[in-house]
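Colleague: Could you walk me through this one before I head back to the bench? I'd like the reasoning along with the answers.

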Amino acid sequence: MSVPVPWDEARAGEIVAAHAALDGAALPVLHALQEAFGCVPEEAIPLVASALNLSRAEVHGIVTFYHDFRRTPPGRHVLKICRAEACQSMGGAALASDFLRRQGVSWGGTTRDGSLTVEGVYCLGLCACSPSALYDGEPVGRLDAARLDALARDARQDALGEARGP
């Protein structure tokens, strides 16, 4: 996972320009903006709308419709836990609910220290290894409470290491 940078209108303009000529450019543009900034900031909406000849309402609709787009920056690490049927059938719902409670967050929330954002996704294609998740884009199968706790601990330790510096 790349480290997001703070909002920069000039950089956003470059990103939009690099993708604007694609057919159906809205999704590639928005994904590229989120990759760069960690989310699709409100300031990006009019920029994207103007570049793609769309209304602000249309761009806002895309960002709010697709669950993969964030409106605020995530924590330092992102854990996407599968909520689809195969993972549910293997105890994933109860496992996730307990983990969220212990972390003090709800779906889409970020831990108080900013180290971990927990998001729900629907099917990662890892059904044979369910319950499953993605941790910073890397697949993690056969989740249990200990493995989830280890991921949260890893996120906290990494965040602490970054806060202390080299």
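What follows is a short back-and-forth about this predicted model.

Colleague: Let's start with the overall layout. In what order do the elements of the protein chain run from the N terminus on?
Modeller: There are seven helices and four strands to place in the protein chain. The C-alpha trace they belong to spans about 50 × 40 × 20 Å along its principal axes. Reading from the N terminus, the order is α-α-α-α-β-α-α-β-β-β-α.

Colleague: And what share of the residues counts as buried?
Modeller: On the outside, the protein chain exposes about 9,100 Å², with carbon and sulfur atoms supplying 53% of that. As for contacts between residues at least 6 apart in sequence, 61% join residues at least 24 apart. Of the 166 residues, the buried share is 39%.

Colleague: Now strand E1. How many of its residues are buried?
Modeller: Take the two faces in turn, since side chains in a regular strand alternate between the two faces of the sheet. On one side sit His77, Leu79 and Ile81, and on the other Val78, Lys80 and Cys82; both sets are buried. E1 is therefore largely enclosed by the rest of the structure, and the count is six of six.

Colleague: Which strand pairs with E1 in the parallel sense?
Modeller: E1 has a pairing with E3 (residues 133–135), but those two run antiparallel and are joined by three bridges. In that pairing, Ile81 has Ala133 as its bridge partner. On the parallel side there are six bridges, with Leu79 partnered by Val118. The parallel partner of E1 is strand E2, residues 116–121.

Colleague: I see some cysteines flagged in the record. How far apart do their C-alpha atoms get?
Modeller: UniProt, in an unreviewed entry, lists Cys82, Cys87, Cys123 and Cys127 under "binding site". They span 46 residues in sequence, yet they gather at one spot, because no two of their C-alpha atoms are more than 9.4 Å apart.

Colleague: Which of the other listed cysteines does Cys82 touch?
Modeller: Cys82 belongs to strand E1. Leaving out residues up to four places away in sequence, its contacts include Val121, Leu124, Ser132 and Ala133. The listed cysteines among its contacts are Cys87 and Cys123.

Colleague: Is Cys82 buried or exposed?
Modeller: The cut-off for buried is under 20% relative accessible area. Cys82 has a relative accessible area of 5%, so it counts as buried.

Colleague: And what is the relative accessibility of Cys127?
Modeller: Cys127 is in the loop between E2 and E3. It counts as partly exposed, because its relative accessibility is 41%.

Colleague: On to charges. Which residues are linked with Lys80 in a network of salt bridges?
Modeller: Side chains of opposite charge can pair when their charged atoms come close. Lys80 meets Asp68 in a salt bridge at 2.9 Å, N to O, and that pair links the loop between H4 and E1 with strand E1 itself. Lys80 also meets Glu119 at 3.8 Å. The residues networked with Lys80 are Asp68, Arg70 and Glu119.

Colleague: How far apart in sequence are the parts that Lys80 and Glu119 tie together?
Modeller: Both Lys80 and Glu119 are buried, and their side chains meet in a salt bridge. Lys80 is in strand E1 and Glu119 is in strand E2, so the parts they tie together lie 39 residues apart.

Colleague: What about helix H1: which residue forms a salt bridge with Glu14?
Modeller: The two partners both lie in helix H1 (residues 9–19), three residues apart, which is about one turn of the helix. Glu14 counts as partly exposed at 47% relative accessibility. Its closest N and O atoms to the partner are 3.2 Å apart, and that partner is Arg11.

Colleague: One last thing, the surface. Which residues make the nonpolar patch of about 320 Å²?
Modeller: One of them, Tyr66, is found in the loop between helix H4 (56–65) and strand E1 (77–82). Tyr66 counts as partly exposed, because its relative accessibility is 38%. The full set making the patch is Leu27, Phe65 and Tyr66.

Conventions
Residues numbered from 1 in each chain as written. Predicted model: local features only at pLDDT ≥ 70, side-chain atom pairs only at ≥ 80, totals over all residues. Heavy atoms only, no water. Patch = residues over 30% accessible without salt bridge, like charges linked within 9 Å, V, L, I, M, F, W, Y side chains within 5 Å. Areas by Shrake-Rupley, 256 points an atom, 1.4 Å probe, with all protein chains shown as cover. Salt bridge = Lys/Arg side-chain N within 4 Å of Asp/Glu carboxyl O. Buried < 20%, exposed > 50% of the residue type's maximum accessible area, 1.4 Å probe, protein only. Pairing = 2+ DSSP bridges. UniProt positions renumbered as here; feature names shortened; annotations may be inferred. Contact = heavy atoms within 4.5 Å.
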